[in-house]
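Please open the structure in your viewer and keep the selection panel at hand. The tour below proceeds from the ligand to the protein interior and then to selected backbone sites.

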Amino acid sequence: MKIFVLAENGQLGWELCRTLAPLGDVIASDYPQVDLQKPETVINLMRLEKPALFVNAAAYTAVDQAETDHERARSINATGVGVIAEECKRIGAAFIHYSTDYVFDGKKGSPYVESDETNPLSVYGKSKLEGEQLVQQIGGDYLIFRTSWVYSMRGQGGFIAKVLQWSRQQETLRMVTDQVSNPTWARMLAEATAHIVSRGQGYMAERKGLYHLAGSGFASRFDWAKEILELDANRHEQKTKELLPALTADFPLPAERPLFSALDCSRFESTFGMKLPDWKAALRLATQ
Ligand SMILES: NC(=O)c1ccc[n+]([C@@H]2O[C@H](COP(=O)([O-])OP(=O)(O)OC[C@H]3O[C@@H](n4cnc5c(N)ncnc54)[C@H](OP(=O)(O)O)[C@@H]3O)[C@@H](O)[C@H]2O)c1
């Protein structure tokens, strides 16, 4: 199977390239070779390579920046995604795409299921929701996986790297207790995707649709940071002596986040016969 992975350098895309490699001929690309703001860059490559499966891990993920960069966020997360979905349908390729818990407003008070009403609070959330809707309208053999709080052990930009960096600099760390969701290891997400891909195009087509796919269980940013500090292999380097609870309102940011946006992944687990690992167990594996 020829598999096209977009965003080979992103947190998820990098893991996808590794986990999908044994399943076929993986062709990977990223910005700027493929720029979702320039549809011809993705269409030309798809027509040249004719993949049987396109996996899109590209997105405009700068949640706060999107508030003042509305057009760019929308053209990458919505219009560009629609272009891929159209082309996949035209060439008969399956399409796997990822979305976000930020399509919800976080006011439900318990984990969200796929049929719950969406109400994004941010430009990023709105643009991702529009992307989902375009894929669904266009049809074809698509799988959309809504995920949450994705982390990777690569790079310095993610939550884990930031917590570890702050722990080397600050005696007191303050983390919010009122933002709650599912920390999700990018590798786990890629492995779950690969399990599905390994069953073949027919299997995916029979199960086309939108699913929640994230680390099992949920945590606040405070719980997550506490676990990161405890699992730190170089704890002796930490300067942090106390981790204090804080509220989202204490740290005003341009984009409003949903407070309780945990995802209920039982539809995914029953449809694909998988048990998603508990977020703490995954974090332990990731940090070893
Ligand atoms: N990170 C999270 O916490 C989180 C939570 C929920 C859902 N998700 C979703 O999960 C998926 C993967 O996220 P991630 O964390 O792996 O994202 P990421 O690490 O930020 O990677 C995004 C990738 O998209 C590329 N990209 C940006 N603009 C592009 C453009 N115009 N054309 C083509 N590619 C472009 C980026 O390239 P450059 O680096 O060169 O810009 C980067 O390689 C996304 O759909 C995201 O919305 C993420």
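Begin by selecting the ligand and the 24 residues around it (a residue belongs here if one of its heavy atoms lies within 4 Å). Of these, Gln 11, Leu 36, Thr 61, Tyr 124 and Lys 128 come nearest. The model is predicted: local features need pLDDT of at least 70, side-chain atom pairs count only at pLDDT 80 or more, and totals for chains, interfaces and linings use all residues. Residues are numbered from 1 along each chain as its sequence is written, and side-chain values use heavy atoms, with hydrogens and water left out.

**Polar contacts of the ligand**

Next, display the pairs of N or O atoms within 3.5 Å, which are the polar contacts. At Gln 11, a polar side-chain atom lies 2.8 Å from an oxygen atom of the ligand. Leu 12 places a backbone N or O atom 2.9 Å from a ligand oxygen atom, and Ala 59 does so at 3.2 Å. The ligand taken alone exposes 900 Å², of which the protein buries 80% (Shrake-Rupley method, 1.4 Å probe).

**The shell by element**

Colour the helices (DSSP H or I, at least four residues) and strands (E, at least two), numbered from the N terminus. At least two residues of the shell come from each of α1 (11-20), β4 (94-100) and α4 (123-138). Which element supplies the largest share of the shell? That element is β4, with three residues.

**The nonpolar core**

Now select Phe 145 and Phe 268. Within the largest nonpolar core, which has 86 residues, these two touch the most other members. Such a core is a set of buried Ala, Val, Leu, Ile, Met, Phe, Trp, Tyr and Cys residues joined through side-chain atoms within 4.5 Å; buried means under 20% relative accessible area, exposed over 50%, and partly exposed in between (1.4 Å probe, protein chains only). Residues up to four places away in sequence aside, Phe 268 has contacts (heavy atoms within 4.5 Å) with residues including Glu 114, Phe 145, Tyr 211 and Met 274.

**Backbone sites in loops**

Select Pro 32, in the loop between β2 (25-29) and α2 (39-49). The peptide bond leading to Pro 32 from Tyr 31 is cis, with omega near 5°.

Move to Lys 50, in the loop between α2 and β3 (53-56). Its phi is near 45°, a positive value in a residue other than glycine. Is Lys 50 buried or exposed? Lys 50 is exposed, at a relative accessible area of 59%.

Finish at Trp 149, in the loop between β5 (142-147) and β6 (150-151). Phi of Trp 149 is also positive, near 40°, but Trp 149 counts as buried, at 9% relative accessibility.

Definitions and conventions: Polar contact = N/O pair within 3.5 Å; in protein donor to acceptor, adjacent residues only side chain to side chain.
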